[in-house]
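User: I would like to learn how the labels on a model like this are justified. Please show it and take me through the reasoning.

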Amino acid sequence: GIDMDPEVLKAINELIKPLLAKGQSVAQIWLTHADELPFSRRTFYRYNDLGLFNMTAFDLPKKVRYKKRREKTKTSPMEIAPGHSYADFCALVEEIRQSVVEMDSVIGCKEDVGSLFTLHLKLLHFQIGLKSTIHDCAHVIAHLDRLEAIIGKQFSKVYGLGLCDRGVEFFDTAAIERSVLNPDKKRMELYYCDPRHSEQKGAAEKNHVEVRKVIPKGMSIDSLSDVDIARVFSHVNSTPRRSLFGKSPMELALEILPKEFFEELGLELIAPDE
């Protein structure tokens, strides 16, 4: 019962299919091309189910499937100083908690000795990745020292509230918190998730799904250059988000962070269709 001009169908197929082939989601396509499409995203799915677009389930990006977590072998959790627990974090005012940067590590293949240190600004959905040639706390501290040197006094305003798990790379609370610009002050207040509860920093975990589309599990991170990693996060952060009203995390970050930050890390805004 649907009558549509064949030329319109052809044009829609020519617009949507190449973007899907680049790995864009249907949601992203509608955020950037809604004015060129004569119906809503939901209607697209309905029309496609009727066979109008000739697209199979294999043409459309698959929904993320979360496996049920397996029970992990119990280990002795890292001891943390009083005042740094997840309960302490939850006791903060909600408005303050929203400004948190969730810190984590992305591991490559089992032969790797390094990892990818990620910092995710929850409010902006903006995540950066920095390569550690050795997966340890010293490299995390060095990365934070470098970021503070680039951003300056503004570091504490943007990255001043941290949340991480209890991995070995985050064990030195005092060194992570202390400022290199003013040793008498802290650059960050750091809190730790409960043992075996990485979902407490779920925004970072969720954004890793986008990173894993480019750096799948089992792929070596040691073999990636800083330029490679910058390119990955440029694309991930340039993806428009419905939760940001069609803006991309990169667009928002460009308004807040100094240009030196993007120049030093090699991050750039990528056009939506690129």
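Analyst: Helix α9 passes helix α10 in a right-handed crossing. The model is predicted: local features need pLDDT of at least 70, side-chain atom pairs count only at pLDDT 80 or more, and totals for chains, interfaces and linings use all residues. Residues are numbered from 1 along each chain as its sequence is written, and side-chain values use heavy atoms, without hydrogens and water.

User: What makes a crossing right-handed?

Analyst: The near helix is turned clockwise from the far one; anticlockwise by less than a right angle would be left-handed. α9 and α10 (residues 226-237) pack at about 115 degrees, with axes 10 Å apart. Axes are lines fitted to C-alpha atoms, for helices over the stretch in contact, and angles run from 0 to 180 degrees between N-to-C directions.

User: Which residues of α9 and α10 meet?

Analyst: Asn207, Glu210 and Val211 in α9 meet Val232, Phe233 and Val236 in α10. Contact means heavy atoms within 4.5 Å.

User: Why are α9 (residues 202-212) and β1 (residues 101-106) called helix and strand?

Analyst: Both are DSSP runs, numbered from the N terminus: helices are H or I, at least four residues, and strands are E, at least two. So α9, residues 202-212, fits the helix rule.

User: How do you know that β1 and β2 pair?

Analyst: Pairing needs at least two bridges found by DSSP. β1 and β2 (residues 115-121) have six, in the antiparallel sense, so they pair.

User: What leaves one side of β3 and β5 without a neighbour in the sheet?

Analyst: The order is β3-β2-β1-β4-β5. β3 (126-132) and β5 (189-192) stand at the edges, each with a single partner strand, so one side stays free of a neighbour.
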